[in-house]
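Trainee: I should like to learn how helix packing, burial and backbone angles are read from a model. May we work through an example?

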Amino acid sequence: MKLNRRTLTTLALAAASLASLLPGTALAQKKIVLGFAQVGAESEWRTANTESIKSAAKESGIELKFSDGQQKQENQIKAIRSYIAQKVDVIAFSPVVESGWETVLREAKAAKIPVVLTDRSVNTKDDSLYVTFMGSDFVEEGRKAGRWMVEKMKDQKGEVNIVELQGTVGSAPAIDRKKGFEEIIKADPKFKIIRSQTGDFTRAKGKEVMEAFLKAEGKKINVLYAHNDDMAIGAIQAIEEAGLKPAKDITIISIDAVKGAFEAMMAGKLNVSVECSPLLGPQLMTAVKDIKAGKTIPKRIVTEEGIFPMEVAKTEFPKRKY
Ligand code: GZL
């Protein structure tokens, strides 16, 4: 059978495109698919964390399925279930609270989908339910805040009355930052936490709760300890509206070291911010690739962090990446 030139060319093109799908060629290699269930968009820190994850996935050539949990556990669980149904390669998430995850993590394990915890951890006795937890040591962050205050107040005679804006109730950072701070201040009875309430890590709630603290305690307040910068920034507005000078009349200690905190420190309205890095994206993508390549990774990856008093804010600010 004689084949004309046109038919031969068509056959040759078809053969070439088929060959390119053979295993081992660039086209044939399937992209790793990562399902990520984020806490929400409650703070500057969270926005920077989401940006880090999305840009790192793009740079790593990993297909990212992303969901915003709007700070509700049921939304995160729903997203994780959808990733299981879609048979993604790896699931990662930042648990909004510590408890209530075992059922859905068992479902992921049954589906043979590895899980990575980022930023916050979960309360479980069965640590086979996740491959690794990467994030900050929140207890140490609370200790750093406490040590800075003890040093600053060492010559202060009489009581030091502290009000505390806690993070989201039941979340690892709220529980552990409180624990670390109290571990340090319990050494000296002059330090007293006279009010402590959640501001849910948001500016709006931080302002609202600080207004209530000021109404109840007024000029008795010497120190505000806020579990994140967003609540501290909200509280600064309440302090100014009450006719007081933030960082002078009330010493303000906060955590995250986001841009807003540096701006407040440069304006002389915040005394210090303990660093809590949201830039977990690159570490997460490396872990995802290592898991898919069958490598073992450490059960715990801790992010190294510093502390920034207002005196260094101006020089440090241009170097900040979030
Ligand atoms: C800490 C992170 C906390 C931040 C808050 O790693 O989970 O959640 O400190 C954020 O700003 O809302």
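Mentor: Let us begin with a helix pair. In helix H5, Phe138, Val139, Glu141, Gly142, Arg143, Ala145, Gly146, Arg147, Met149 and Val150 meet Ala172, Pro173, Asp176, Arg177, Gly180, Phe181, Glu183, Ile184 and Ile185 of helix H6. Contact means heavy atoms within 4.5 Å. Helices (H or I, at least four residues) and strands (E, at least two) are DSSP runs, numbered from the N terminus.

Trainee: On what basis do these values rest?

Mentor: This is a predicted model, in which local features need pLDDT of at least 70 and side-chain atom pairs count only at pLDDT 80 or more, while totals for chains, interfaces and linings use all residues. Residues are numbered from 1 along each chain as its sequence is written, and side-chain values use heavy atoms, with hydrogens and water left out.

Trainee: At what angle do the axes of H5 and H6 cross?

Mentor: Axes are lines fitted to C-alpha atoms, for helices over the stretch in contact, and angles run from 0 to 180 degrees between N-to-C directions. The axes of H5 (residues 138-152) and H6 (residues 172-185) cross at roughly 40° and come within 6 Å. The crossing is right-handed. A crossing is called left-handed if the near helix is turned anticlockwise from the far one by less than a right angle, and right-handed if clockwise.

Trainee: What does a single residue such as Arg143 touch?

Mentor: Arg143 lies in H5. Residues up to four places away in sequence aside, Arg143 touches Gly180, Phe181, Glu183 and Ile184. By contrast with these contacts, consider Asp155: Arg143 and Asp155 are 12 residues apart in sequence, and their C-alpha atoms are 20 Å apart in space.

Trainee: Which residues meet where H7 and H8 pack?

Mentor: Arg203, Gly206, Lys207, Met210, Glu211 and Leu214 of H7 meet a set of H8 residues that includes Asp230, Met231, Ile233 and Gly234. The axes of H7 (residues 203-217) and H8 (residues 229-241) are 7 Å apart, at an angle of about 45°. H7 and H8 are therefore oblique to each other; angles under 35 degrees count as roughly parallel, over 145 as roughly antiparallel, 65 to 115 as roughly perpendicular and the rest as oblique. Their crossing is right-handed.

Trainee: How is the burial of a helix read?

Mentor: Buried means under 20% relative accessible area, exposed over 50%, and partly exposed in between (1.4 Å probe, protein chains only). In H7, the buried residues are Gly206, Lys207, Val209, Met210, Phe213, Leu214 and Glu217. Their cover includes strand S6 (160-166), S7, strand S8 (223-226) and H8.

Trainee: Why would buried residues gather on one side of a helix such as H3?

Mentor: An α-helix has 3.6 residues a turn, so residues three or four places apart point the same way. In H3, Gln76, Ile77, Ala79, Ile80, Tyr83 and Ile84 are buried. They cover an arc of only 160° around the axis, which puts them on the same side of H3; the arc is that of the directions from the helix axis to the C-beta atoms. On the other side of H3, Lys78 and Ala85 are exposed. Strand S1 (33-38), strand S2 (63-68), strand S3 (90-93) and helix H4 (102-110) are among the elements that cover the buried residues of H3.

Trainee: What span should H3 have?

Mentor: The expected span is 1.5 Å times one less than the number of residues. For the 13 residues of H3 (residues 73-85) this gives 18 Å, and the end C-alpha atoms are 19 Å apart, which agrees.

Trainee: Where is phi positive?

Mentor: Most residues other than glycine have a negative phi. Asp119, not a glycine, has a positive phi of about 75°. Asp119 sits in the loop between strand S4 (115-118) and strand S5 (132-135) and is buried, with a relative accessible area of 4%. Phe201 also has a positive phi, near 70°; Phe201 is in the loop between strand S7 (191-198) and H7, and is buried at 4% relative accessible area. Lys87, which follows H3, has a positive phi near 55°.

Trainee: Is Leu224 buried or exposed?

Mentor: Leu224, in strand S8, is buried, with a relative accessible area of 0%. Beyond its neighbours within four places in sequence, its contacts include Val163, Leu165, Met210 and Ala235.
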